[in-house]
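Please look over the sequence and the predicted model shown here before reading on. The report that follows takes up how two helices meet, then a pocket, and then the chain as a whole.

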Amino acid sequence: MNTAYYLINTLCDLYLMVILLRIWLQLARADFYNPVSQFVLKATNPVLTPLRRFIPGFFGIDMAAVVLAVLVVALKLALLYALHIISAEAASWFEWVLLIVLTIVKKIGTMLFWVLIIRALLSWVSQGNNPVEYLMFQLTEPLLAPIRRIIPAMGGIDLSMLVFFIILQVLNFLMSDLFGSLWLGL
């Protein structure tokens, strides 16, 4: 059972993060000729191209990718339920929908955390001409710039990333509390 849980959880979560990264790249208007962006496009296009025939975009948001993210999480939960890894005897359809949404939001937070960590590490070792670093800058700068306007650099030290990590951790605790109140702690 542990092996099945690990495989299902890992494969579904990795593909979910690729899908969410694609949505994020589009929202940030990041460089789609970047090698990382090209990987994301090639990994998601085979599934998204047919979905786009039926699901149009909405205000610049790729709704086909959003639906695909929901389907991946629903598939993950259905497989875990079918294999009796999770139990949800008394769960209503509303609780399932809420669990799917919370899972996606939690993965967005996890992805934000790791992208910020990668950006911080690359800023220490990179010379500034790394395509991955430029992509991380494009993704995170819209999130960090408003914090910098409120809390400017002090003595040459930018605290915006630290403040964002604190906000992200608070949100993570709130999500964990919501998961705990449901019947499952993914």
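## Two helices and a pocket

In this predicted model, helix H1 (residues 2–27) and helix H2 (residues 35–52) have axes that come within 9 Å and cross at roughly 95 degrees. Because angles from 65 to 115 degrees count as roughly perpendicular, H1 is roughly perpendicular to H2. Two packed helices are described by the angle between their axes and the distance between the axes.

On the H1 side of this contact are Tyr15, Val18, Ile19, Leu21, Arg22, Leu25 and Gln26, and these meet residues of H2, including Phe39, Val40, Leu41, Val47, Leu48 and Arg52. The residues of the contact of H1 with H2 comprise 11 nonpolar, four polar and two charged.

A second feature is the largest pocket, which holds about 310 Å³ of space. It is lined by 14 residues, and those closest to its centre are Lys106, Gly109, Thr110, Leu168 and Asn172. Helix H4 (93–125) and helix H6 each contribute at least two residues to this lining.

The table sets out the residue classes for the contact and for the lining.

| Group of residues | Nonpolar | Polar | Charged |
|---|---|---|---|
| Contact of H1 with H2 | 11 residues | four residues | two residues |
| Lining of the largest pocket | nine residues | four residues | one residue |

Turning to the whole protein chain, one finds six helices and zero strands, which follow the pattern α-α-α-α-α-α when read along the sequence. The C-alpha trace spans about 55 × 40 × 35 Å along its principal axes.

How confident is the prediction, in terms of the mean pLDDT of the protein chain? That mean is 82, and 91% of the residues reach 70 or more. Confidence is highest in H1, at a mean of 88, and lowest in helix H6 (residues 160–181), at 82.

How values were computed:
Residues numbered from 1 in each chain as written. Predicted model: local features only at pLDDT ≥ 70, side-chain atom pairs only at ≥ 80, totals over all residues. Heavy atoms only, no water. Axes fitted to C-alpha atoms, helices over the stretch in contact; angles between N-to-C directions. Helix = DSSP H or I, 4+ residues; strand = E, 2+ residues; numbered from the N terminus. Parallel < 35°, antiparallel > 145°, perpendicular 65-115°, else oblique. Contact = heavy atoms within 4.5 Å. Nonpolar A, V, L, I, M, F, W, Y, C, P; charged D, E, K, R; others polar. pLDDT = per-residue confidence, 0-100. 1 Å grid on protein atoms, 1.4 Å probe; cavity = no way out; pocket = protein on both sides within 12 Å on 5 of 7 lines; lining within 4 Å. Points joined across faces, edges and corners; volume = space filled by probe spheres on them.
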